[in-house]
Amino acid sequence: MNLLLIGPPGAGKGTQAARLKEMLGVPHLSAGDMLRDEVKRATPLGRAAREGMDRGELVPDDLVGEMVEQRLSGPECSRGFVLDGYPRNLVQADRLAGFLARWGRPLDRVLALRVPVEELLRRITGRRVCGGCGAAYHLTSRPPGREGVCDACSGALLQRKDDREEVVRERLRVYEDQTRPLLDFYGRSRLLAEVDGSGSLDEVTGRISAVLEEAGR
Ligand code: AMP
């Protein structure tokens with residue numbers, strides 16, 4: 001199954017995609033994770049992307065497109081994938097459609113997660129990530145045992161630079177402006193299913209599973 005997840009920052013795309021990876025037995029590709037990895041390794045792409053990411057802006061289409069195309073073309077994605085964070089605008093959606101068509105691997109389903117803005121802000125600004133092992137926490141809904149310390153590896157818990165409120169507001173603006181039009185784009189090709197992304201992780205996973213079962217997997 002070739003699956004795409006769309007949603008504003010904080011909608012739970014990454015978390016649900018990780019669960020879908022297990023359920024469907026296909027790799028999970030997150031454009032944001034790939035870019036953060038490039039930044040961490042200070043590659044040419046990472047150096048070009050870093051400042052824009054810190055401000056909540058989109059990284060130039062060509063750079064991200066090449067990175068995603070390269071990963072999707074690999075043998076590990078030949079039996080399906082869960083893609084999140086790409087495409088984020090219509091230019092990227094066209095590029096994705098182009099290379100998937102060339103490889104004869106069209107998208108089977110596009111899931112759009114819907115979450116109210118106040119809930120998105122609460123989720124993102126409270127998010128903390130372990131600098132050591134990458135485990136995810138939330139100040140109120142998933143606090144660590146000891147404040148600021150990872151339960152798994154005792155690493156320090158950090159806030160992503162782009163999870164600060166002013167940057168989150170810019171990311172939400174970019175989503176409304178550039179990414180939301182994708183809902184019409186995929187709605188026209190009947191690939192789209194909108195899913196209520198509020199509530200607990202299990203509730204959202206249950207709704208997603210129901211949509212995929214309906215589509216006959
Ligand atoms: P995310 O983890 O998906 O919220 O992405 C974090 C940041 O990475 C975004 O705010 C953008 O700066 C950048 N980014 C991720 N995906 C894309 C994309 N498809 N196009 C451009 N920039 C992206």
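Author: Ala, Val, Leu, Ile, Met, Phe, Trp, Tyr, Cys and Pro count as nonpolar, Asp, Glu, Lys and Arg as charged, and the others, Gly among them, as polar. The model discussed here is predicted.

Reader: How do the residues of the shell around the ligand divide by class?

Author: A residue belongs to this shell if one of its heavy atoms lies within 4 Å of the ligand. There are 16 residues around the ligand, and Arg-36, Glu-57, Gly-85, Arg-88 and Gln-92 come nearest. By class, the shell has seven nonpolar, three polar and six charged residues.

Reader: Which helix gives the most to the shell around the ligand?

Author: Four residues of the shell come from one helix, which spans residues 31-40. The element that gives the most is helix H2.

Reader: What share of the accessible area of the ligand does the protein cover?

Author: Several N or O atoms of the protein lie close to the ligand: a polar backbone atom of Glu-57 is 2.5 Å from a ligand oxygen, and a polar side-chain atom of Arg-88 is 2.9 Å from a ligand nitrogen. An N or O atom in the side chain of Arg-171 is 3.0 Å from an oxygen atom of the ligand. On its own the ligand has 480 Å² of accessible area, and the share of this that the protein covers is 96%.

Reader: Which element supplies the largest share of the lining of the largest cavity?

Author: The count is one cavity of 30 Å³ or more, and the largest cavity holds about 60 Å³ of space. Its lining includes Leu-4, Leu-5, Ile-6, Tyr-175 and Thr-179, and divides into six nonpolar, three polar and two charged residues. Strand E1 (2-6) and helix H7 (165-179) each supply at least two lining residues. The largest share is three residues, and the element that supplies it is E1.

Reader: How many residues in the lining of the second largest pocket are charged?

Author: The second largest pocket has a volume of about 180 Å³. Of the 14 residues that line this pocket, Pro-8, Val-115, Tyr-175, Glu-176 and Arg-180 are closest to its centre. Strand E4 (109-114), helix H6 (117-125) and H7 each give two or more residues to the lining. By class, 10 lining residues are nonpolar and none is polar, while the number that are charged is four.

Reader: How many residues apart in sequence are the parts that Asp-202 and Arg-19 tie together?

Author: Side chains of opposite charge can pair when their charged atoms come close. Asp-202 and Arg-19 form a salt bridge with their closest N and O atoms 2.8 Å apart. Asp-202 lies in helix H9 (residues 201-214) and Arg-19 in helix H1 (residues 13-24), so the pair ties together parts whose separation in sequence, in residues, is 183.

Reader: Is the peptide bond from Tyr-86 to Pro-87 cis or trans?

Author: Most peptide bonds are trans. Pro-87 lies in the loop between strand E3 (81-84) and helix H5 (90-103). For the bond from Tyr-86 to Pro-87, omega is near 0 degrees, and the bond is cis.

Reader: What is the phi of Ser-154?

Author: Most residues other than glycine have a negative phi. Ser-154 lies in the loop between strand E6 (136-138) and strand E7 (157-158). Although Ser-154 is not a glycine, its phi is positive, at about 65 degrees.

Definitions and conventions
Residues are numbered from 1 along each chain as its sequence is written. This is a predicted model: local features need pLDDT of at least 70, side-chain atom pairs count only at pLDDT 80 or more; totals for chains, interfaces and linings use all residues. Side-chain values use heavy atoms; hydrogens and water are left out. On a 1 Å grid over the protein atoms alone, a cavity is a set of points where a 1.4 Å probe fits but cannot get out, and a pocket is an open set with protein on both sides within 12 Å along at least five of seven lines; lining residues have an atom within 4 Å of a point. Grid points are joined across faces, edges and corners, and a volume is the space filled by probe spheres set on the points. A polar contact is a pair of N or O atoms within 3.5 Å; within protein, one must be able to donate a hydrogen and the other to accept it, and residues adjacent in sequence count only if both atoms are side-chain atoms. Accessible areas come from the Shrake-Rupley method with a 1.4 Å probe; for residues, only the protein chains shown count as cover. A salt bridge is a side-chain nitrogen of Lys or Arg within 4 Å of a carboxyl oxygen of Asp or Glu.
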